[in-house]
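Colleague: I am new to this model and would like a close look at one small sheet, together with the helices that can be followed outward from it. Please take your time over it.

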Amino acid sequence: MILLNPGPVNVSERVRQALLRDDICHREEEFYSLLYDIKLKLIQAFARSQDYRAIVISCSGTAAVEAAITSIVQPGKKLLVIKNGVYGDRIAEIAQAYRLGKIELNLDWTQPPPLAQIESSLNADPLIQVVAVVHHETTTGLRNPVKEIGELAHRYGKIFLVDGVSSIGGENIDLAASHIDILAGTAGKCIQGFPGVSFLLVRDSLIDTMRTYPKRSVSLHLPSYCHDPGVPFTPSVQLHYAFHEALAELLDEGVDRRIDRYHRASRFLRRSFRDLDLQCIVSEDYASNTITAVRVPPFLTYVELHDQLKVRGFVIYAGQGALYSNIFRVANMGALTQADFDGFISALEQVCEQAVVGR
Ligand SMILES: Cc1ncc(COP(=O)(O)O)c(C=O)c1O
């Protein structure tokens, strides 16, 4: 089955085979060295600077974002949440669940956030300590301008938190140049590992600051993960093997080449959708490299489209929130080839043609 959902993704045989390595104890040297090497590879792939530390947690992408939020906000201070999709909403929901102070910017889901509006929020409330944004809003396939938002946050002396769960490995991210202080990512999307292991790239100098804040969560408090050599709780050891292999595979391919491969695939898909008279909901100017949201054509329902494509070997993804029944999403993350995308487009063409004829 070809997975065109935004994770779990199709993985290579190399990564799948890594699951079958030895049974090891996580309190032994073997696991310590595996974890050490995963962190090294994360820094090598994404940070290229001594200023960042990698923290690895056996958890979902949401939990990694939750770990960042609950660890980084000083008591009495606020989070400015830039919301232009479901995952921006989720950041606010997490802050709400922990009763953290927050200001929410409710923005158009198909447009990048207006910088002037962010700036006026920063001017209006000096209690804002952290600016939070989703790099790639998986809801619509919109890439938010993290560099510009980071520059603004930096100019105002704020901490910049980025949900990079669906972008890291698939989009260019220069942590230092974008003034990113903490970024959440996961193994099971553009890194092409399995879900179940996630990570944070954190500006090293912030770890000691976070230690001075009260612990809001037992299992998601980031400073607890900074006592080398191990992790505080039992990790998903086999998934770490696969994550390690996926990172090695990424470094072999080259991060820039991976990003370029995704970019070409997403461009191909959007061009093909337009050729089939299907309408993408986000402008090409800020469309991501990894997912495309398309209006469901009037002659089909989403369920019909999904089921008929699945019979042909392709899994597409529904819309979320207000876009639930109006759109379908096609991700191009994972160990996929041009032949897979060609096959998908001809299956889609067939399904559309049959639906029009059958009306
Ligand atoms: C941008 C973004 N953030 C967070 C998440 C949540 O990740 P998970 O489903 O692993 O909790 C997702 C999942 O697709 C995502 O795309």
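Colleague: In strand 14, which residue is the bridge partner of Y317?

Modeller: The bridge partner of Y317 in strand 14 is R329. Before going further, please note that this is a predicted model, in which local features need pLDDT of at least 70 and side-chain atom pairs count only at pLDDT 80 or more, while totals for chains, interfaces and linings use all residues. Residues are numbered from 1 along each chain as its sequence is written. Helices (H or I, at least four residues) and strands (E, at least two) are DSSP runs, numbered from the N terminus.

The pair you asked about belongs to the contact between strand 13 and strand 14, which pair in the antiparallel sense over 2 bridges; two strands are said to pair if DSSP finds at least two bridges between them. They are part of an open sheet of 3 strands in the order 11-14-13, with antiparallel pairing. Strand 11 and strand 13 (317–318) stand at its edges with a single partner strand each, so one side of each is left without a neighbour in the sheet.

From this sheet the path leads to helix 9, since strand 11 (291–295) and strand 14 (327–331) are among the elements against which the buried residues of helix 9 pack. Contact here is counted when the C-beta atoms of two residues, placed from the backbone, lie within 7 Å. Helix 2 (29–47), helix 8 (237–253) and helix 11 (338–357) also pack against those residues.

A residue is called buried if 20 or more other C-beta atoms lie within 10 Å of its own, exposed if 12 or fewer, and partly exposed in between, with C-beta atoms placed from the backbone. By that count the buried residues of helix 9 are V255, R258, I259, Y262, A265, S266 and L269. They cover an arc of only 130° around the axis (taken from the directions from the helix axis to the C-beta atoms), which puts them on the same side of helix 9. The face turned away from this buried side carries the exposed residues D256, R257, R271 and D275.

As for its length, helix 9 (residues 255–275) has 21 residues, which at 1.5 Å a residue should span 30 Å, and its end C-alpha atoms are 30 Å apart, which agrees; the expected span is 1.5 Å times one less than the number of residues. Just after helix 9, D277 takes a positive phi of about 65°, a value found here in a residue other than glycine. D277 lies in the loop between helix 9 and strand 11, and it is exposed, with 8 other C-beta atoms within 10 Å. That loop therefore leads from helix 9 back toward an edge strand of the sheet.

On the other side of the sequence, helix 8 is followed by G254, whose phi is positive, near 100°. Helix 8 has 17 residues and reaches 24 Å from its first C-alpha to its last, close to the 24 Å expected at 1.5 Å a residue. Its buried residues are L239, H240, Y241, A242, F243, H244, E245, A246, L247 and L250, and what covers them includes helix 1 (13–18), helix 2 and helix 9. Helix 2 thus appears in both lists, as a partner of the buried residues of helix 9 and as part of the cover over those of helix 8.

Going back along the chain from helix 8, one reaches the loop between helix 7 (205–211) and helix 8, where Y213 is found. Y213 is partly exposed, with 17 other C-beta atoms within 10 Å. Leaving aside residues up to four places away in sequence, Y213 touches Q74 and P75, and its C-alpha atom is separated by 8.1 Å from that of V73, although the two residues are 140 apart along the chain. The loop between helix 7 and helix 8 also holds P229, which is joined to D228 by a cis peptide bond with omega of about 15°.
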